[in-house]
Amino acid sequence: MSDAGTGRRATVLNAIRGRLGRGAAMPGRMEAVAERLARQPPHLVPERARQDRVRLKALFADQLRAVSATVVEAAGPAEVPAAIAAYLRSANLPLTVRAGGDPWLEALDWRSEPALTLASGRAQPADEVGLTKAVAGVAETGTLVMASGTDNPVTVNFLPETSIIVLRESDLVGPYEQAFDKVRAKLGRGTMPRTLNLISGPSRTADVGGRLVTGAHGPRRLCVVVVGEPP
């Protein structure tokens, strides 16, 4: 911005402050702003997002199934490979899956399903099935929060026609506010990934002629594997 533009901007802002009776150097003003940013007071949270964990889990699954997603449960990490293989077989899909480099996914015992093949890295045009791990799940709307990165490339979520997303039950929250807390906890306060995708079902649109079309700008199928914590 030019010096003239900067001067005009300052003039406008000073006029607004004057009308509001607020000066840039008001005692305690900056301290109050800093304190509010540090506290991050919550917004109004709807009642359905403030339930116990059992009801939140049921709400999350119901919301996803209402938009034609598949939700399966795994009692613990050891059951994830079998749950994925069972879903692929039930949908008559190939047992070859493209995954990123998520450490949690890589640590699973994939040898328990010898017919299942995992390929690492970004999705390729020929990939039919993608596998990623969500940072959080939002029960309020049945939404998965996906943070981009080398561990979970964005291409794996959107290029294959079938997307499988793994969500740990401990990462399931009620409202969006708590989901963003999960993102901050994982990546560090003040840091965000390049993209944060919110996924609430398979790709679908009715923009053209009012006809519902799936897979228009992403996967035709979405399977969410909710993983419990072993005792």
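Trainee: What makes aspartate 151 and lysine 186 a salt bridge?

Mentor: In this predicted model, the closest N and O atoms of aspartate 151 and lysine 186 are 3.7 Å apart. The cut-off for a salt bridge is 4 Å, so the pair qualifies. The structure holds twelve salt bridges.

Trainee: Which parts of the chain does that pair tie together?

Mentor: Aspartate 151 sits in the loop between S6 and H6, while lysine 186 belongs to helix H7, so the bridge joins parts that are 35 residues apart in sequence.

Trainee: Why is lysine 186 called partly exposed?

Mentor: Its relative accessible area is 45%. Partly exposed covers the values between 20% and 50%, so lysine 186 takes that label.

Trainee: Which salt bridges does aspartate 171 form?

Mentor: One is with arginine 168, where the closest N and O atoms are 3.1 Å apart. Another is with lysine 182, at 3.4 Å from N to O. Aspartate 171 lies in the loop between strand S7 (162-168) and strand S8 (172-173), and lysine 182 lies in helix H7, eleven residues apart.

Trainee: How do you know whether aspartate 171 is buried or exposed?

Mentor: Aspartate 171 has 6% relative accessibility. Buried means under 20%, so this residue counts as buried. Its partners are partly exposed: arginine 168 has 26% relative accessibility, and lysine 182 has a relative accessible area of 25%.

Trainee: Why does aspartate 102 have no salt bridge?

Mentor: The nearest side chain of opposite charge, lysine 133, is 4.7 Å away. A salt bridge needs a distance within 4 Å, so lysine 133 does not qualify as a partner. Aspartate 102 is buried all the same, in the loop between strand S2 (96-99) and helix H5 (103-106).

Trainee: What makes the pairing of aspartate 102 with asparagine 152 a polar contact?

Mentor: Their side chains come to 2.9 Å, and the limit for a polar contact is 3.5 Å, so the distance fits. Beyond its neighbours within four places in sequence, aspartate 102 is in contact with Lys133, Asp151 and Asn152.

Trainee: Where else does asparagine 152 appear?

Mentor: Asn152 helps line the largest cavity, along with residues including Met146, Pro153 and Asn197. That cavity has a volume of about 30 Å³. Strand S6 (143-147) and helix H6 (154-158) each supply at least two residues of its lining.

Trainee: What is known about the largest pocket?

Mentor: About 260 Å³ of space lies in the largest pocket. Helix H2 (29-39) and helix H7 (176-187) each give two or more residues to its lining. H7 gives the most, with four residues.

Trainee: How do you know whether phenylalanine 60 is buried or exposed?

Mentor: Phenylalanine 60 has a relative accessible area of 1%, and buried means under 20%, so it is buried. This residue is found in helix H3. Among its contacts outside the neighbouring sequence are Gly137, Leu144, Leu167 and Val226.

Trainee: What makes serine 68 and asparagine 92 stand out?

Mentor: Most residues other than glycine have a negative phi. Serine 68, though not a glycine, has a positive phi of about 75°, and asparagine 92, also not a glycine, has one of about 55°.

Trainee: Why are serine 68 and asparagine 92 called exposed?

Mentor: Exposed means over 50%. Serine 68 has 52% relative accessibility and asparagine 92 has a relative accessible area of 72%, so both count as exposed.

How values were computed
Residues are numbered from 1 along each chain as its sequence is written. This is a predicted model: local features need pLDDT of at least 70, side-chain atom pairs count only at pLDDT 80 or more; totals for chains, interfaces and linings use all residues. Side-chain values use heavy atoms; hydrogens and water are left out. Buried means under 20% relative accessible area, exposed over 50%, partly exposed in between (1.4 Å probe, protein chains only). Lys and Arg count as positive and Asp and Glu as negative; His and the chain ends are not counted. A polar contact is a pair of N or O atoms within 3.5 Å; within protein, one must be able to donate a hydrogen and the other to accept it, and residues adjacent in sequence count only if both atoms are side-chain atoms. Contact means heavy atoms within 4.5 Å. On a 1 Å grid over the protein atoms alone, a cavity is a set of points where a 1.4 Å probe fits but cannot get out, and a pocket is an open set with protein on both sides within 12 Å along at least five of seven lines; lining residues have an atom within 4 Å of a point. Grid points are joined across faces, edges and corners, and a volume is the space filled by probe spheres set on the points.
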